[in-house]
Amino acid sequence: GTPQKYDPTFKGPIYDRGCTDIVCCVLLVVAIVGYVVVGVVAWTHGDPRKVIHPTDSRGQFCGQQGTPNDSSPCPIPVQTCVSKCPDRYMTYLTAHGNPASLEYYRNFCTPEFKSSQKAPLEVLKDKECPAMLIPSTPLARRCFPAIQAKKGVIMVGNETTYDDGHGRRRNVTELLEGAKKANVVLETRQLAMKIFEDYTVSWYWIIIGLVIAMVASLIFIVLLRFLAGIMVWVMIVMVILVLGYGIFHCYMEYAKLKGEAGSDVSLTDLGFQTDLRVYLHLRQTWLAFLIILCVLELVIILLLIFLRKRILIAIALIKEASRAVGHVMSSLLFPLCTFFLLCLCIAYWASTAVFLSTSNEAVYKVFNESACPFSGHTCNPETFNTSNVTKLCSDAQCLFAFYGGETAYHKYLIVLQFFNVFMFFWLANFVIALGQVTLAGAFASYYWAFKKPDDMPAFPLFSAFGRALRYHTGSLAFGSLVLAIVQVIRVILEYLDHRLKAAENKFAKFLLSCLKCCFWCLEKFIKFLNRNAYIMIAIYGTNFCTSARNAFFLLMRNIIRVAVLDKVTDFLFFLGKLLIVGSVGILAFFFFTQRIKLVQDTAPPLNYYWVPILTVIVGSYLIAHGFFSVYGMCVDTLFLCFLEDLERNDGSAEKPYFMSQDLRKLLKKTNKGQPDA
């Protein structure tokens, strides 16, 4: 690309700008309106009770006020709503001859069960009562077998055997296989309850830990202004020393094996060995390690010699970023706005997905045991008894089968779900893009202020936010749309990979793996390109394609500086996150495990001490990531401005540099008529 030329009218982010990528803006508005329509339709047809509440064999909800089952919280195997789960072993055969037992058993039969005079075989055949009751535990309004293990003995309802109704005692392990998944659910429930209890007694200490993480993040960002250079050079020296020790160790092992039997066997003669320790007894192995480490050490030293100036520039830019953040302190709180908007996107997507998935209607099918031409056909339970089906098939029943539908709406539910996922990615990427272009505009106004901070606008962050929404909604929609398309394709590839796991077609698996890798790389590249394009949009107000092209060519003209700065800042951010998360995590560990004597009695009693510790660690990482994402955007913005400054200006009185005094000293640049102090 062609380097930028001097423009006497350019004094930082352009205020006199026009709307860009209007077509994409209109497309986004239309898509949002369509998304709202989809949400309204889903909320009209959907019923989340289908996820929460169980149903009986007629598709009626259990435990709902105003329904025939309003006091029935859980179903049993015959899909009948009951007021209480069974608490004892019992079969219908044993209960039939005992009035008291039959009265108890009646609680678990269908409403149609009226007469106790029917033969047990007829009752079971008509599915009016379950064949057997098992001690059960209610969970999520459903009854699950109360399976537990005491000292390695499997028990159901505190018993190890049960009566099968024929006078024989059977072992409860025969029920274990059929109820294994239910037992997992019960254990998960117990675990969830204990975790909830831990949160109730430790939530305020968790908040204190997160506040400490926030303060530590602020302190680290402030210290970067003064310690960035020291931290980078310590890292470089440590790498050189570690490699030097590796070279020394390899040489000592190589010399120690001299004269030992079998140590002079070559790697080619030895061939491939599954026990890798065999290779450590060969001198040739240590010689290969020695050569590799020497070459690596030499390459690093040569890079430091030739890139020392660019490393110094990276350190100076990091220090400058700290000053910029200090002058735009509101930028540290801006991620909260982005986080809030992302939560709205997630909430709308999740609720729409639930309502869409529960939009199906109850479908009833004909069930029978004897041969019947209507078996499996759709039926209407209200008119079933008067239809021809009951005349031709005496044992046929119209029972609830599943939720579905045959209307046009139900046929295109999968399309609406796909649209829901696509819009989620598009809107989430748009929110992130809005945050990036806002921060870029604020930090660019700092860099291009000739007298810092006097020439900065009064509210740089709010000004940048207003410009982004007013003029560049279309450009942000364009960039986020491209990224959303790639992300949806990746989701589809992951779905196909999941479906093909059991397949034996190795070529298809290989092709799918290649596609997943390619689209992963493409997504990373688009994110990198979008980020820099948004910086150009914030500064010049150009459309997305022009901004992306200019940013890409500007970076390619300074590819070495880009590579060095990227690695140096990545290391510092990683070090900062590791330091903050590690420090707060260790402090939380010692506190919640009551190992700090001063506050030993203050720590709350816990079922699992790792619950608050992991919460504090994850929360600390998110807080640190939020602060460092602002810092990273600041560094990237200042870097692009710095490269533009070098191309546009030459330090003369007509074309003075806008970079800081430290950067000018480092590059041996001066502004004529304005000597550096």
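The points below concern one buried polar residue and several salt bridges in a predicted model.

1. N530 sits in helix 16, which spans residues 506-540. Its relative accessible area is 5%, and N530 is therefore buried, the limit being under 20%.

2. The side chain of N530 has a polar partner in the backbone: the oxygen of G479, at 3.0 Å. G479 also appears among the residues that N530 touches, together with S480, L483 and F544; residues up to four places away in sequence are not counted here.

3. Over the whole structure, a search returns 11 salt bridges. Some of them are taken up in the points that follow.

4. K516 and E494 form a salt bridge through their side chains, with an N to O distance of 3.7 Å. K516 belongs to helix 16 and E494 to helix 15 (residues 473-499), so this pair ties together parts 22 residues apart in sequence. As for accessibility, K516 has a relative value of 23% and counts as partly exposed. E494, at 39%, is also partly exposed.

5. A salt bridge with an N to O distance of 2.8 Å joins the side chains of E647 and R557. E647 is in helix 19 (residues 610-648), whereas R557 is in the loop between helix 17 (544-556) and helix 18 (559-592); the pair therefore ties together parts that are 90 residues apart in sequence. E647 has a relative accessibility of 22%, which means that it is partly exposed. R557 is partly exposed as well, with a relative accessible area of 28%. The value for E647 should be read with the cut-off in mind, because buried means under 20%.

6. Helix 19 also holds both members of another pair, R648 and E644. Their side chains meet in a salt bridge at 3.3 Å, N to O. The two residues are four apart, about one turn of the helix. Both R648 and E644 are buried, whereas E647 of the preceding point is partly exposed.

7. Salt bridges also link R490, E523 and K527 in a network.

8. For inspection of the model, the pairs can be sorted by where their members lie. K516 with E494 connects helix 16 to helix 15; E647 with R557 connects helix 19 to the loop between helix 17 and helix 18; R648 with E644 stays within helix 19. On the polar side-chain contact of point 2, the partner of N530 is a backbone oxygen, that of G479.

Technical notes
Residues numbered from 1 in each chain as written. Predicted model: local features only at pLDDT ≥ 70, side-chain atom pairs only at ≥ 80, totals over all residues. Heavy atoms only, no water. Buried < 20%, exposed > 50% of the residue type's maximum accessible area, 1.4 Å probe, protein only. Polar contact = N/O pair within 3.5 Å; in protein donor to acceptor, adjacent residues only side chain to side chain. Contact = heavy atoms within 4.5 Å. Salt bridge = Lys/Arg side-chain N within 4 Å of Asp/Glu carboxyl O.
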